[in-house]
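Student: Hi! Could we walk through this one together, starting with a single side chain and working outwards?

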Amino acid sequence: MKVSTLVQNIMAAMKINVQSFFLFLVACLTLLACNPKSSQPVIDASIYEQAFEQYKEPSVDYRRFKYADVIHLVTGRSDSFEVEEVGKSILGKSIYQMSMGNGPTKVLLWSQMHGNEATATMALFDLFNFLEGSDDGFDDLRSKLKSQLTLRFIPMLNPDGMDLWIRRNAYDIDLNRDALALTSPEAVILKHARDSFEPMFGFNLHDQQTYYTVGETGKPATISVLAPAYNYATEVNDVRKRAMQVIVGMNSLMEQIEPGHVGKYDDAFEPRAFGDNIQKWGTSTILIESGGYPNDPEKQIIRKYNFMIMLHALEQIADKTYEAYSLDDYYAIPDNTLRLMDLVIRNLPLTLDEQSYTVDLGIRRREADAHGDYYVNAVVDDLGDLSIFYGYDELDATGMHVVEGKTFETPFKELSEISKEKAFELLKEGYLAVRVQNALDRELHQLPIQVLKNGSLSNAFKTGANSNFYLEQSGKLRYAIVNGYLIDLETSVDGLYKMRVL
């Protein structure tokens, strides 16, 4: 049947004339143009979430784990993985690559190039567990991945930095600036792994500081992404385009599970960086940066999101559904912006030499190592007009005024004599600090109060200072600010406090 005859038959059946049919056709085309996502792949986020909940590695729930604590999660895998030592770190720790699958598309994933960036490593352990599973409703997905992909992983590329909990390696070199000089053995290992394997896709897995927001919003950039540039002009060839399309699919999943929490990293070309060069060498490279999320200091929620977007990305690559995505959607992902602080107190009334003034006060808590763990040291990062900044915690101090805290001078003999409940009661009585007779140097505690052995309580309101104070409202102590933690004195004291004896 001729097309013209078919159209006439359709029109006759619908009892419409040529003009009406034409208007109907224009309306349909307009609807499709206004709804480009209608052609995008449908994503069922629940599948990836169920997989995570079932296969999360239970022995790791703390991001500062050591190499010796987890290396068995690499070397002790089942026969599903081929595990091979590919070299040693500067200090002699073995670095392994793990391979699975026999598909035509090769994918390389590496983590912890920076030693203190462990979120993706945790997610890889979960992913390894998932790939070894069977008879659980996920076999079709596993079969697809193993038949269409050849997967290769290099977890914990920088084990020396990992054990020291530092960004750099034992030479004090940033591995992500050693792609050309190849001074470090770890850099040589990664370069050789890429060149010998020649993967079509690469995943460069990192953490970023928790103070990035998604554009100018107050939402943390929980996941940041980038298809790195391969030249100064930041041009897009087929290699980079594929990486951008995979990222769009990952972002589509994140928009389902945590809308508005994905930012795009700066794509300025860095000629020494591995991501930029691996893109340049012909591997479509996807950078994933794990940022911050409210009340997730150990990044366990972000670990889950890493697992989900990585598994989804691998499925996209296996069935090539990433090809349906537009680069416009990649460029539409908001850029990262440094706009977050741990605590912002707005409209805080202060006085200096009997002069009154009002400021916004922003505090950031920085981690410091001690006794195999860490504590936070909170300082005033900025004060004045902080209208462009946001806080994980925020408080409007309008109608309140600052009250200095006291020190409870009757010393406790040991830290163990002070319970969290006792500390909270002292807080409510106006004591921001207690004294203790016996304590190790920089001994750690999780009490919501400053503990002093030789030190004193600081309450300065200037940048770089550790400030501890109360806010009083209607003649009653309402809030305590202790080492950057905002404590509501009318509620419970539940929370994680990472403190040290001063």
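Tutor: Happy to. This is a predicted model. Let's start with tyrosine 485, whose side chain reaches the backbone nitrogen of lysine 498 at 3.0 Å.

Student: Nice. Where is tyrosine 485 found?

Tutor: Tyrosine 485 is in strand β22, which covers residues 485-488.

Student: And is tyrosine 485 buried or exposed?

Tutor: Buried: its relative accessible area is 8%, and the cut-off for buried is under 20%.

Student: What is tyrosine 485 in contact with, leaving aside neighbours within four places in sequence?

Tutor: The list is Arg365, Val376, Ala480, Leu496, Tyr497, Lys498 and Met499. As for Tyr497, tyrosine 485 and tyrosine 497 are 12 residues apart in sequence and 7.8 Å apart in space, C-alpha to C-alpha.

Student: OK, new residue. Where does asparagine 466 sit?

Tutor: Asparagine 466 is in the loop between β19 (450-452) and β20 (469-473).

Student: A loop, then. Is asparagine 466 buried or exposed?

Tutor: Asparagine 466 is buried, at a relative accessible area of 15%.

Student: What does the side chain of asparagine 466 reach?

Tutor: The backbone oxygen of alanine 378, at 2.8 Å. The same residue's side chain also makes a polar contact of 2.7 Å with the side chain of asparagine 468.

Student: What else does asparagine 466 touch, not counting residues up to four places away in sequence?

Tutor: Besides Ala378, the residues touched include Asn377, Val379, Gln450, Ser458 and Asn483. Histidine 371 makes a contrast: asparagine 466 and histidine 371 are 22 Å apart in space, C-alpha to C-alpha, with their positions 95 residues apart in sequence.

Student: Let's look at threonine 407. Which strand is threonine 407 found in?

Tutor: Strand β16, residues 406-414. Threonine 407 is buried, with a relative accessible area of 17%. Setting aside residues up to four places away in sequence, threonine 407 touches Tyr431, Ala433, Arg435, Leu452 and Leu457.

Student: How many Å apart in space are threonine 407 and serine 99, C-alpha to C-alpha?

Tutor: They are 58 Å apart, and 308 residues apart in sequence.

Student: Zooming out, what size of box do the C-alpha atoms fill?

Tutor: Roughly 100 × 65 × 50 Å, taken along the principal axes. The protein has 502 residues, and 52% of them count as buried. Its secondary structure comes to 14 helices and 23 strands.

Student: How much area does the protein expose?

Tutor: About 22200 Å², with carbon and sulfur atoms supplying 49% of that.

Student: What about charges: how many positive and how many negative?

Tutor: There are 49 positive and 70 negative charges, and the mean positions of the two sets are 2 Å apart.

Student: Now the inside. Which residues touch the most other members in the largest nonpolar core?

Tutor: Phe130, Phe153 and Phe203, in a core of 73 residues. Helix α12 (residues 300-319) gives the largest share of this core, 11 residues. There is also a second, separate core of 28 residues, which includes Ile418, Leu426, Ala480 and Met499. You met Ala480 and Met499 earlier as contacts of tyrosine 485.

Student: Oh, neat! And what does phenylalanine 153 touch?

Tutor: Among the residues it touches beyond four places in sequence are Phe81, Tyr96, Met98, Leu109, Leu124 and Phe128.

Student: Anything about backbone angles? What is phi for methionine 156?

Tutor: It is positive, about 60 degrees, although methionine 156 is not a glycine. Most residues other than glycine have a negative phi. Methionine 156 is in the loop between β4 (149-154) and α8 (159-164).

Student: Is methionine 156 buried or exposed?

Tutor: Buried, at 2% relative accessibility. Aspartate 172 also has a positive phi, near 65 degrees, but aspartate 172 is exposed, with a relative accessible area of 52%. You'll find aspartate 172 in the loop between α8 and α9 (185-197).

Student: One last aspartate: what does the side chain of aspartate 136 make a polar contact with?

Tutor: With the side chain of arginine 142, at 2.4 Å. Aspartate 136 lies in the loop between α6 (119-132) and α7 (139-148), and it counts as buried at 18% relative accessibility. Its contacts beyond four places in sequence are Gln54, Tyr55 and Arg142.

Definitions and conventions. Residues numbered from 1 in each chain as written. Predicted model: local features only at pLDDT ≥ 70, side-chain atom pairs only at ≥ 80, totals over all residues. Heavy atoms only, no water. Helix = DSSP H or I, 4+ residues; strand = E, 2+ residues; numbered from the N terminus. Buried < 20%, exposed > 50% of the residue type's maximum accessible area, 1.4 Å probe, protein only. Contact = heavy atoms within 4.5 Å. Polar contact = N/O pair within 3.5 Å; in protein donor to acceptor, adjacent residues only side chain to side chain. Areas by Shrake-Rupley, 256 points an atom, 1.4 Å probe, with all protein chains shown as cover. Lys, Arg positive; Asp, Glu negative; His and termini not counted. Charge placed at Lys NZ, Arg CZ, Asp CG, Glu CD. Core = buried A, V, L, I, M, F, W, Y, C linked by side-chain atoms within 4.5 Å.
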